[in-house]
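Me: I should like to go through the structure below and ask, for each label attached to it, what justifies that label.

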Amino acid sequence: MRRWAAVLLVALVACTGSVVPSVPWLVLHGANDASLPLDATLREHAATVIVFFSATCPCQRAHDVRLRDLIASDAPRGVGFLVVDSEESATAALDAAESRARGYPIWLDHGGKLARALDAEYATYSVVVDARGNVLYRGGFDSDKSHLRDDRASYLADAIDDVLERRPVRRAEAKTLGCSLQLR
């Protein structure tokens with residue numbers, strides 16, 4: 001049986017070029033010593049969006065309004081949102097200040113474990129996962145970098161709509177246009 005599993009994994013990698021990661025069960029940390037176990041959090045929603053954050057990235061700052069708008073429109077539809085800071089310079093105090101300034105909660109990923117598990121290399125890298133932690137979409141927030149346009153391709157919003165409508169995600173991966181994350 002183990003041999004067949006290995007053969008299947010090799011075939012999957014050969015066909016797709018990579019193995020789609022899943023969310024590891026770890027704990028994120030927030031302001032006031034809050035902790036957030038990912039397994040329990042993901043089970044609360046049909047879909048959860050994880051967006052990787054960088055306090056110094058102009059692309060991140062440019063997308064703040066779109067991220068707040070997406071949270072406002074899709075959280076009432078049952079979508080969970082986690083903005084995660086995996087950078088080596090991240091601290092709970094700095095993230096709390098950024099959270100207040102930006103208008104959304106930011107969770108600390110000590111050691112960049114979640115970022116590494118989900119292959120996050122850039123700020124605004126976004127992942128949509130189901131309640132079991134299976135990755136349904138990964139990549140850019142949209143087709144804009146730091147100069148926002150009305151005619152952008154809304155990769156993340158489209159993926160969320162597809163998941164909520166129980167359709168196959170029309171674009172499971174997209175290029176991320178953000179600053180390189182500085183992981184520990």
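Me: Which residues of β6 are buried on one side, and which on the other?

Reply: The model is a predicted one. In β6, S126, V128 and D130 are buried on one side, and V127 and V129 on the other, so that both faces are covered.

Me: Why is β6 called largely enclosed?

Reply: A residue is buried when its relative accessible area is under 20%. In β6, 5 of the 5 residues are buried, and the strand is therefore largely enclosed by the rest of the structure.

Me: What makes β3 and β6 a pair of strands?

Reply: Pairing requires at least two bridges. β3 and β6 have 5 bridges, in the antiparallel sense, so they pair. T48 has V129 of β6 as its bridge partner.

Me: How do you know that β6 and β7 pair, and in which sense?

Reply: They share 4 bridges, against a requirement of at least two, and therefore pair; the sense is antiparallel. V129 stands opposite V135 in β7. The two strands form a hairpin with 4 residues between them, and G133 in the turn has a positive phi of about 90°.

Me: Which residues does V127 touch?

Reply: Leaving aside residues up to four places away in sequence, V127 touches T48, V49, I50, F52, L118, V135, Y137 and R138. V127 is also among the residues with the most contacts inside the largest nonpolar core, together with V23, L28, I50, F52, L114 and L118.

Me: What makes that set of residues a nonpolar core, and how many residues does it have?

Reply: The term requires buried residues of the listed nonpolar kinds, joined through side-chain atoms within 4.5 Å. The largest such core has 23 residues. α2, β3, β4, α5 and β6 each give two or more residues to this core. A second, separate core has 20 residues, including A47, F81, A159 and V163. In soluble globular proteins, nonpolar side chains tend to be buried together.

Me: Why are the buried residues of α6 said to lie on the same side of the helix?

Reply: The buried residues of α6 are Y155, L156, A159, I160, D162 and V163. They cover an arc of only 165° around the axis, which puts them on the same side of α6. The elements covering them include β3, α3, β4, β6 and β7. After α6 comes R166, whose phi is positive, near 60°.

Me: How do you know that the length of α3 agrees with that expected of a helix?

Reply: The expected span is 1.5 Å times one less than the number of residues. For the 17 residues of α3 (residues 58–74) this should give 24 Å, and the end C-alpha atoms are 24 Å apart, so the two agree. α3 nevertheless bends by about 45° at D64. D64 is one of the buried residues of α3, as are H63 and L67. β3, β4, α4 and α6 are among the elements that cover these buried residues.

Me: Why is D119 called partly exposed, and T124 buried?

Reply: Partly exposed lies between the cut-offs of 20% and 50%. D119 has a relative accessible area of 41% and is therefore partly exposed. T124, at 4%, is under 20% and is therefore buried. D119 is placed in the loop between α5 and β6, and T124 lies in the loop between α5 and β6 as well. Although not a glycine, D119 has a positive phi of about 60°; T124, also not a glycine, has a positive phi of about 75°.

Note on methods:
Residues are numbered from 1 along each chain as its sequence is written. This is a predicted model: local features need pLDDT of at least 70, side-chain atom pairs count only at pLDDT 80 or more; totals for chains, interfaces and linings use all residues. Side-chain values use heavy atoms; hydrogens and water are left out. The bend at a residue is the angle between axes fitted to the seven residues ending there and the seven starting there. Buried means under 20% relative accessible area, exposed over 50%, partly exposed in between (1.4 Å probe, protein chains only). Contact means heavy atoms within 4.5 Å. The arc is that of the directions from the helix axis to the C-beta atoms.
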